[in-house]
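Visitor: Got a minute to walk me through this one? I'd like to start with the cysteines and then wander around a bit.

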Amino acid sequence: MNLPRSLAPAALAAFALACACSKPATTAASPAASGTTAPDKVVATYNSGKITAGELEKEARPRIADLENKMYEARKQTLEQMAMERIVKAEAQKAGFSGPNAEQDYIRKKVEEAPVQPPTEAQERQFYDRLKSAGQIPPEATFDSLKDRIGAALVNQQRQAQMQKVIGDLQKQANLKMDLPQPRVQVAAEGPARGPKDAPVTIVEFSDFECPYCGAAHDTVEQVMNTYAGKVRLVYRQFPLSFHPHAAKAAEASLCAADQGKFWEYHEALFKNQKKLDLPDLKAHAGEVGLDTQKFSQCLDSGDKMKAVDADQQAGLAVGVGGTPAFFINGIFLNGAQPIDEFKKVIDGELASK
């Protein structure tokens with residue numbers, strides 16, 4: 001089933017927001033065996049040197065994990081498409097639609113039944129400012145020059161939301177259930193945590209205080225924690241990216257705050273001030289959240305937390321983290337600053353299986 005072109009997702013290249021800060025793909029990962037090959041088996045030799053299967057797996061793990069998740073997503077999307085083609089075909093026939101475009105006409109009618117609200121100038125300016133601050137549009141591009149395209153993009157967002165609702169309603173009406181096991185990985189839930197220790201769902205988040213997409217995801221995570229209060233435990237692990245110059249020290253600073261029992265207060269301050277993460281700012285934030293600033297400064301200046309930050313990074317690499325934010329919901333990988341509905345799909349599935 002091919003949806004009508006006017007309703008298909010628009011390729012708004014000038015406005016598209018990537019959902020994750022990505023790290024270089026060549027970074028190493030975890031020491032694990034390659035398939036069933038023993039880690040110490042020599043898989044390559046050169047001059048007087050050698051490469052073992054364990055070394056190969058360590059280097060290749062992020063790419064392998066990414067491929068495994070892409071394979072799962074490809075199967076999932078194909079299965080959902082197959083099911084929806086059959087559901088829509090049956091519904092279109094019941095509604096009296098016929099001809100080669102019956103399914104598309106049926107979906108178009110369902111979507112267009114919902115009214116579209118013209119965006120206000122305030123909404124357009126907010127959209128423009130968000131993209132401008134994220135560097136997604138050229139510095140010289142003015143609001144007036146992009147106003148029409150921004151308005152069209154916002155209308156398109158409404159249409160896409162309407163289409164998703166139509167699809168979701170049809171799935172519920174047809175009682176669609178897909179039983180496709182999702183890949184899981186074992187991720188140690190070690191680090192600052194919120195939520196009950198015995199919560200049925202644990203989210204391990206690998207994040208970077210300087211990554212704008214981590215900042216965007218921060219609000220979504222808060223919604224998740226409020227929506228599933230008492231049912232979800234959140235564990236934060238450090239994954240500062242090398243091209244964010246202040247991220248590593250900010251990660252250390254957050255662990256210094258954790259020593260005084262104020263990790264989450266300091267975590268909140270950093271995400272609210274992502275443009276103020278140099279050393280004096282990090283120390284100023286400590287005073288703002290009520291830390292003992294002398295102890296905090298001693299901790300931060302000592303570099304004692306570097307090992308802990310590096311350990312978190314290595315743990316992330318071991319399970320295929322290649323960018324931030326990265327979430328593991330009971331071991332199920334969710335990549336990037338996803339909308340809350342994507343979290344809900346996984347969490348609701350996990351709660352239903354308990």
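**Cysteines first**

Guide: Let's start with Cys 21, which is buried, because its relative accessibility is 5% and the cut-off for buried is under 20%. Keep in mind that this is a predicted model.

Visitor: Okay, and what does a disulfide join Cys 21 to?

Guide: To Cys 211, with an S to S distance of 2.1 Å. Cys 211 counts as buried too, at 0% relative accessibility.

Visitor: Where in the fold do Cys 21 and Cys 211 lie?

Guide: Cys 21 is in strand β1 (residues 21-22), and Cys 211 is in the loop between β5 and α5 (212-227). The pair therefore ties together parts that are 190 residues apart in sequence.

Visitor: Is that disulfide, Cys 21 and Cys 211, right-handed or left-handed?

Guide: Right-handed, because the torsion about the S-S bond is about 95°.

Visitor: How many disulfides does a search of the whole structure find?

Guide: Two. In the other case, Cys 256 is joined to Cys 299, with S to S at 2.1 Å. The torsion about the S-S bond of Cys 256 and Cys 299 is about -85°, so this disulfide is left-handed.

Visitor: And which helices hold Cys 256 and Cys 299?

Guide: Cys 256 sits in α6 and Cys 299 in α9, so to speak distant parts of the chain, 43 residues apart. Both cysteines, Cys 256 and Cys 299, are buried. If you number the bonded cysteines in sequence order, the pairing reads 1-2, 3-4.

Visitor: What about Cys 214, how far is its sulfur from the closest cysteine sulfur?

Guide: It's 3.4 Å, and the closest sulfur is in Cys 211. That is too far for a bond, because a disulfide needs the sulfur atoms within 2.5 Å. Cys 214 is buried as well, with a relative accessible area of 0%.

Visitor: Switching to helices. Which residues of α8 are buried?

Guide: In α8 (residues 279-288), the buried ones are Leu 282, His 285 and Ala 286. They cover an arc of only 105° around the axis, so they are on the same side of α8. Over on the other side, Pro 280 and Glu 288 are exposed.

Visitor: What do the buried residues of α8 pack against?

Guide: Three helices: α6 (247-259), α7 (263-272) and α9 (293-302). Two of those came up earlier, since α6 holds Cys 256 and α9 holds Cys 299.

Visitor: And what is α8 followed by?

Guide: By Gly 290, which has a positive phi, near 85°.

Visitor: Any other positive phi, say in the hairpin of β2 and β3?

Guide: There, Asn 47 takes a positive phi near 45°, and the hairpin has two residues between the strands. Strands β2 (residues 42-46) and β3 (residues 49-52) run antiparallel and are joined by four bridges. One of the bridge pairs is Val 42 with Thr 52.

Visitor: Now the sheet with five strands, in what order do they come?

Guide: The order is β4-β6-β5-β8-β9, in an open sheet with mixed pairing. β4 (193-194) and β9 are the edge strands, each pairing on one side only. Further in, β5 (residues 201-207) and β8 run antiparallel, with four bridges between them. Phe 206 has Ala 326 in β8 as its bridge partner.

Visitor: Where is Gly 331 found?

Guide: In the loop between β8 (326-329) and β9 (332-335). Gly 331 is buried, with a relative accessible area of 9%. Neighbours within four places in sequence aside, Gly 331 is in contact with Pro 183, Arg 184 and Val 185.

Visitor: Last topic, then. Which residues touch the most other members of the largest nonpolar core?

Guide: Ile 203, Tyr 266, Phe 296 and Ile 347, out of 53 residues in that core. Ile 203 has contacts beyond its neighbours within four places in sequence, including Val 224, Val 232, Leu 234, Phe 327, Ile 329 and Ile 347. Another core lies apart from the largest one; it has eleven residues, among them Met 84, Ala 92, Tyr 106 and Met 163.

Visitor: Why would those side chains be buried together?

Guide: As a general tendency, nonpolar side chains in soluble globular proteins tend to be buried together.

Methods
Residues numbered from 1 in each chain as written. Predicted model: local features only at pLDDT ≥ 70, side-chain atom pairs only at ≥ 80, totals over all residues. Heavy atoms only, no water. Buried < 20%, exposed > 50% of the residue type's maximum accessible area, 1.4 Å probe, protein only. Arc of directions from axis to C-beta. Contact = heavy atoms within 4.5 Å. Pairing = 2+ DSSP bridges. Core = buried A, V, L, I, M, F, W, Y, C linked by side-chain atoms within 4.5 Å.
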